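User: Hi, could you walk me through this model? I'd like to go over a few residues, the ligand and the annotated domains.
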Amino acid sequence: MPSQVKEKNDKGSSAEETPTFPPSGHLKKQAHIPDMGTYRQMYNRSIHKPEEFWMEVASEFYWKTSPSGKVLDYNFDIRKGKIFVEFMKGATTNVCYNVLDRNIMEKNLGDKTAFYWEGNAPDNSSAITYWDLLKQVCKFANVLKKLGMVKKGDRVAIYLPMIPELYAMLAFAGFSSESLCERILDYGVFRGEKLINLKQIQMKLCKSVRKVCAFTVYINMEMHPVANCIVVKHLQGKLNNQNEGTLQTAWNCEVDSWLDELMMDASEECGPVWLDAEDPLFILYTSGSTGKPKGVLHTVAGYLIFTALTFKCVFDYHEDDVYWSTADIGWITGHSYITYGPLANGATSVLFEGIPTYPHVARFWEIIQKYKVTKFYTAPTAIRLLMKYGNEVVQKFDLTSLKILGTVGEPINSEAWLWYYNVIGNQQCPIVDTFWQTETGGHVVTPLPAATPLKPGSASFPFFGVLPAVLNEHGEELEGEAEGYLVFKQPWPSIMRSLYGNHERYENTYFSKFPGYYVAGDGCKRDKDGYIWITGRIDDMLNVSGHLLSTAEVEAALTEHLAVAEAAVVSRPHQVKGECIYCFVILKDGKKFTEQIGEELKKLVREKIGPIATPDFIQNAPGLPKTRSGKIMRRVLRQIARNERELGDISTLADPSIVEVLFSQRCEAA
Ligand code: ATP
Ligand code: MG
């Protein structure tokens, strides 16, 4: 394993010293983007002639009518007026038609498997073809029509686990306006060994919630009565056998009905509704890592085209692939890279209902072997979790089908990167470290697997149409090697159009700090070779004696210690230094926290980054507060470090109970 991190005597990055891994040789022959020359040439075209570039991509899809005016129109400069982005306005299409009907009719993919569904329990699985999927979508759309509930422009909330009934999402492609009509609910679902009654959770929410407009409904909304609630019988039978009496669901005859009963005699044919390219497609809430989640609005055409092209290039998609993203469909990764991107390409994907550690810690590897998965996409948090259990667990399974590995969600530390590369990929699979956000709709900074030489921990270069810059505190663009704010200078097709119901918050959050730029909210470093390294959220930066340090670099240093599985770093006020460094570390299975480990960790960070970064506090943590999408909520950790109890909105925490545990074990003195 190459490790060449040199000693540093002041704050500095270890980026330059990291070894580079060549792109995959065996992918090159049939790769869509086979080398850096091709990438650069296409990239330049996408930046200088975006309209031409994207219309060429769009030509692979079906359009009822063409754009009426400019292909791309926008204003990114708040000083010149309202911020807006319009892509292919006036063109009409339907997303569902493009991802299902078109694949079946034009590409003859009707009998191809769209999803292998793998249940929470290993003996629970099924497969659904493109034809099956289209029929279900049509039937469901007819159910809704018959109930007279949904029309163009209506907003619909879906609250479901990872089960095939999520096809419902496509039946709605494009309904979005004022009134909330119904929810599609599941009766109950297992996550690992925990039985969750989604209907009940959702009912509680209905009381305090109005205008549920995303696929996740724990967002704060105003009061509004629910007109209809359609419920899926997912665990029927199973529930009776294993958990008789444990799951009781309240039933309101006036609004509730069973999905299977409604579907029974619905017709399998339903013509598409044609929408404008700039009509809303969906509203989705961000993870809430930094504050209250934001309702990000995406529109039809740009989102379809960008997710389709990124999926094709970043995972180098070919027709015999079996692709698996472990994300939840309720998050943007599940939208862009389980639903729209893969289906737009006619891909076969795995849809997994469960969790990585149930019924055993090799569940992921077992599923890869079972379906001969070729492209695998997960989050650094899952990799760090599974690393804890050692290599033997993995080596019992045949993972030779794998060709490309991907990560998303957080910066990946080099320990985790190398483990993923060596142990899961057997040094044969490039890792695409994809940087993007709910707001960007799709990958914006990412390696391309057959072209980009990889540096562990770097998301590398911008995708087509994406023009990043690095700004300093004064908003000046920095050239060459630099560190600062990551911003984007022009729109790509799938950049969000607004924050739902609050365009002002949209302009304030993303466009007002540095007029003329979209401000991502993440810090980054550009190294001497032009590689971009995401250093974490600006809100989480540490300011020690006037030196700005990123959370990612300190955390990466801590996880280089053999005993450490995961680390999270925050600042705490300090009389002399302004702020000092407070670390939470999770140890690997079987390791015990000692004073000596604490000292070794301090020394390690000092050596890797410099004396300025020496931690003042190290707390041994049994777990970390994470969002449901697996991101560390550092703002909560910061409050634990400071012993501040007013936590604000923590509704997206996966397990809120960890917060109390960490409070009770916090370090008082260094
Ligand atoms: P909120 O905006 O509500 O605080 P969030 O930013 O966690 O929530 P998401 O849109 O789910 O919501 O996450 C996007 C963020 O995830 C990015 O801004 C970045 O901080 C982080 N991220 C995603 N992918 C990567 C990656 N490959 N490398 C580094 N960071 C990443
Ligand atoms: Mg964010």
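User: Is Ala 654 buried or exposed?

Analyst: Happy to help, and please keep in mind that this is a predicted model. Ala 654 sits in the loop between α19 (634–642) and α20 (657–664). Its relative accessible area is 52%. Exposed means over 50%, so Ala 654 counts as exposed.

User: Which residues does Ala 654 touch, not counting residues up to four places away in sequence?

Analyst: One pair to set aside is Ala 654 and Pro 23, with C-alpha atoms 36 Å apart in space and their places 631 residues apart in sequence. A contact needs heavy atoms within 4.5 Å. With residues up to four places away left out, Ala 654 touches Lys 626, Thr 627 and Arg 628.

User: Is Arg 497 buried or exposed?

Analyst: Arg 497 also has its place in a loop, the one between β22 (482–488) and β23 (498–499). Among the residues it touches are Val 85, Phe 87, Glu 278 and Tyr 506. The relative accessibility of Arg 497 is 8%. Buried means under 20%, so Arg 497 counts as buried.

User: Which residue's backbone oxygen does the side chain of Arg 497 reach?

Analyst: A polar contact is a pair of N or O atoms within 3.5 Å. The side chain of Arg 497 comes to 2.5 Å from a backbone oxygen. That oxygen belongs to Ile 495.

User: Now the ligand: how much of the area that ligand 1 exposes when taken alone does the protein bury?

Analyst: Let's begin with its polar partners. An oxygen atom of ligand 1 lies 2.6 Å from a side-chain N or O atom of Thr 286, and an oxygen atom of the ligand is 2.9 Å from a side-chain N or O atom of Arg 537. Taken alone, ligand 1 exposes 640 Å², and the share of this that the protein buries is 95%.

User: How many charged residues are in the shell around ligand 1?

Analyst: The ligand is surrounded by 21 residues, and the closest are Ser 287, Ser 289, Thr 290, Thr 438 and Asp 522. The shell includes 5 nonpolar and 9 polar residues. The number of charged residues in it is 7.

User: How far apart are the end C-alpha atoms of residues 553–631?

Analyst: In an unreviewed UniProt entry, this span carries the annotation "domain: AMP-binding enzyme C-terminal". The span is 25% helix and 32% strand. Its end C-alpha atoms are separated by 16 Å.

Notes. Residues numbered from 1 in each chain as written. Chains lettered and ligands numbered in written order. Predicted model: local features only at pLDDT ≥ 70, side-chain atom pairs only at ≥ 80, totals over all residues. Heavy atoms only, no water. Near = heavy atom within 4 Å. Polar contact = N/O pair within 3.5 Å; in protein donor to acceptor, adjacent residues only side chain to side chain. Areas by Shrake-Rupley, 256 points an atom, 1.4 Å probe, with all protein chains shown as cover. Nonpolar A, V, L, I, M, F, W, Y, C, P; charged D, E, K, R; others polar. UniProt positions renumbered as here; feature names shortened; annotations may be inferred. Helix = DSSP H or I, 4+ residues; strand = E, 2+ residues; numbered from the N terminus. Buried < 20%, exposed > 50% of the residue type's maximum accessible area, 1.4 Å probe, protein only.
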